[in-house]
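Good morning, colleagues. Please turn to the structure on the screen, and I shall take you through selected parts of it.

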Amino acid sequence: MEIRNLINVGVMSVALITIMSTLSGCQSNNFVKVDFKYDNLSHMSVDEAIVELDITPKSLIYALGDSFKAQNNLMLDRQKLDFFFEKSENYKECWQAQQEVFASEFLSYQQNNFSTYNKLDRQGIYDKYGVKLSCTFMKSVTSNAAESWFLRVEIPQGNFNTTISVPNVESFFAISGTKSVYGNSTSYSNQTVTTSFSSRLYIWAWRETPNSKTKVYLLAKPVNGQVESCAGCSIGYQWWKQGNGYAEFKLVKHYKFLLEDLAEKLELQQVIQDGESQKPTLTVI
């Protein structure tokens, strides 16, 4: 997928959600599968995922890349871009509509109630906020004057276990005199299933002019095995808490705080440097 379009993957089409609804439930009204489409923006606003720094985009991306490699994380991509991003005109309403939908879906998962999920009026929610189902948070702007860089890394969450009940079906056949009896018997045994999760972190850093601050946008998505969360993807119900984007929310908050601390240190260093340059010189006669 083109990097230019990655930033809007988190906005889900209700059409795809509706298709997923036919795959997620069963006759018992309990979930078998749930949507695997969430990311950090399922738990935080677009503005909360952006930070501004007094550092060049290239310096920042290379420093972050070196830091991730030093922590044995996998760096998947690092490159210079010919465009930058700006918020769409209705990004707040688009995010609010998505949040209301997601909050209702999370509640239905928590209650294990597929009927509540299936009856959710997603179209009506988007209409209430005056946005289309295809609305996006950001839009790309091509510019020769802007400096823009991109970094993608993968950070392990770990392995997770769950216990499932596995049916064991045995067939039997017996003859007694002139009569025969046959049939099946079913017993159940518990089996432990292990799966791995990681977080794929996308970092865009750009400044529109040489004199402007660098804007950094952080987007993180859960990955189960080799499958990244996406519109139309599904995951087993027992993993919904690992796949709901909350771990990615915490990850982005962590790195945003680190970047804000970096910004304060850089500002302090600049103040010290300015102060040193303005100190009067003492001439000894």
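How far does helix H4 reach from its first C-alpha to its last? This is a predicted model, and in it H4, residues 91-111, spans 30 Å over its 21 residues. That is close to the 30 Å expected at 1.5 Å a residue.

The buried residues of H4 include the aromatic side chains Tyr91, Trp95, Phe102, Phe106 and Tyr109. Gln98, Gln99 and Glu105 are also among the buried residues. Just after the helix, Asn112 adopts a positive phi of about 50°.

I turn next to the strands. Strand E8 covers residues 214-224, and 10 of its 11 residues are buried, so E8 is largely enclosed by the rest of the structure. E8 runs antiparallel to strand E2, residues 50-53, and 4 bridges join the two. In this pairing, Glu52 has Lys215 of E8 as its bridge partner.

E8 also pairs with strand E9, residues 227-228, in the antiparallel sense, through 2 bridges. Here the partner of Val223 is Glu228 in E9. The two strands form a hairpin with 2 residues between them, and Gly225 in the turn has a positive phi of about 65°.

Finally, the largest pocket. Its volume is about 170 Å³. Which helices each supply at least two residues of its lining? They are H3, residues 57-70, and H7, residues 246-277, with H7 giving the most, 6 residues. The lining divides into 6 nonpolar, 2 polar and 2 charged residues. Among the lining residues are Phe68, Gln71, Tyr255, Asp261 and Lys265.

Notes:
Residues numbered from 1 in each chain as written. Predicted model: local features only at pLDDT ≥ 70, side-chain atom pairs only at ≥ 80, totals over all residues. Heavy atoms only, no water. Helix = DSSP H or I, 4+ residues; strand = E, 2+ residues; numbered from the N terminus. Expected span 1.5 Å × (residues − 1). Buried < 20%, exposed > 50% of the residue type's maximum accessible area, 1.4 Å probe, protein only. 1 Å grid on protein atoms, 1.4 Å probe; cavity = no way out; pocket = protein on both sides within 12 Å on 5 of 7 lines; lining within 4 Å. Points joined across faces, edges and corners; volume = space filled by probe spheres on them. Nonpolar A, V, L, I, M, F, W, Y, C, P; charged D, E, K, R; others polar. Pairing = 2+ DSSP bridges.
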